[in-house]
Amino acid sequence: MHIHLSNASDKPIYEQITVQLKEAILASKLQAGDALPSIRALAKDLKISVMTTKRAYADLERDGFIETVAGKGSFVTERNQDFLREELLRQVEEHLQKAVRTAKTAGLSKEELGDLLSLIVEEDN
């Protein structure tokens, strides 16, 4: 899996890693039991501090996406479908809230925003 870091992002590097690994897990690009690169290997590949990757892995563990086995490494955990759906719903809400704020800034009405969302959904099907 390729992780892309951006200096232009408003998110800290550890969060960029966390988000991209969560997205890969939610999209089933990483399956339960898949091994993640070691903290040191990922830090070396991304040319960042070991502490930064350690923070990203700690957040993924806290949120239940991975588990670390001493001496073996970090692995994607088995997830139940309700938890995955809840995480995806949370992400949709977050994106929609951002879209609503942007629409208000642009002066779009509720109806115009709804029409735009309907158009995007239709084009995606």
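This text leads the reader through the fold, the nonpolar core and the pockets of one protein chain.

The structure is a predicted model, in which local features need pLDDT of at least 70 and side-chain atom pairs count only at pLDDT 80 or more, while totals for chains, interfaces and linings use all residues. Residues are numbered from 1 along each chain as its sequence is written, and side-chain values use heavy atoms, with hydrogens and water left out.

The protein chain contains 5 helices and 2 strands; these are DSSP runs numbered from the N terminus, with helices being H or I of at least four residues and strands E of at least two. Along the sequence their order is α-α-α-β-β-α-α. The C-alpha atoms occupy a box of roughly 55 × 35 × 25 Å along the principal axes. The radius of gyration is 18 Å, whereas a compact globule of 125 residues would have one near 14 Å; this quantity is taken over C-alpha atoms, and the globule rule is 2.2 Å times the number of residues to the power 0.38.

Of the 125 residues, 26% are buried, that is, under 20% relative accessible area with a 1.4 Å probe and protein chains only. The largest nonpolar core has 20 residues, among which I17, L21, L30, L36 and I66 touch the most other members. Such a core is a set of buried Ala, Val, Leu, Ile, Met, Phe, Trp, Tyr and Cys residues joined through side-chain atoms within 4.5 Å. Two or more residues of this core come from each of α1 (13–26), α2 (39–46) and α3 (50–62), and α1 gives the most, with 6 residues. Beyond its neighbours within four places in sequence, L36 is in contact (heavy atoms within 4.5 Å) with L21, L30, Y57, I66, S74 and V76.

The pockets come next. A pocket is an open set of points on a 1 Å grid over the protein atoms alone, where a 1.4 Å probe fits, with protein on both sides within 12 Å along at least five of seven lines; lining residues have an atom within 4 Å of a point. The largest pocket has a volume, meaning the space filled by probe spheres set on the points, of about 430 Å³. Its lining comprises 18 residues, and K11, E15, V19, R90 and E94 lie nearest the centre. To this lining α4 gives the most, with 7 residues. By class, the lining has 13 charged, 3 polar and 2 nonpolar residues.

The second largest pocket holds about 160 Å³. Among the residues lining this pocket are I25, L30, V76 and L84.

Technical notes. Buried < 20%, exposed > 50% of the residue type's maximum accessible area, 1.4 Å probe, protein only. Nonpolar A, V, L, I, M, F, W, Y, C, P; charged D, E, K, R; others polar.
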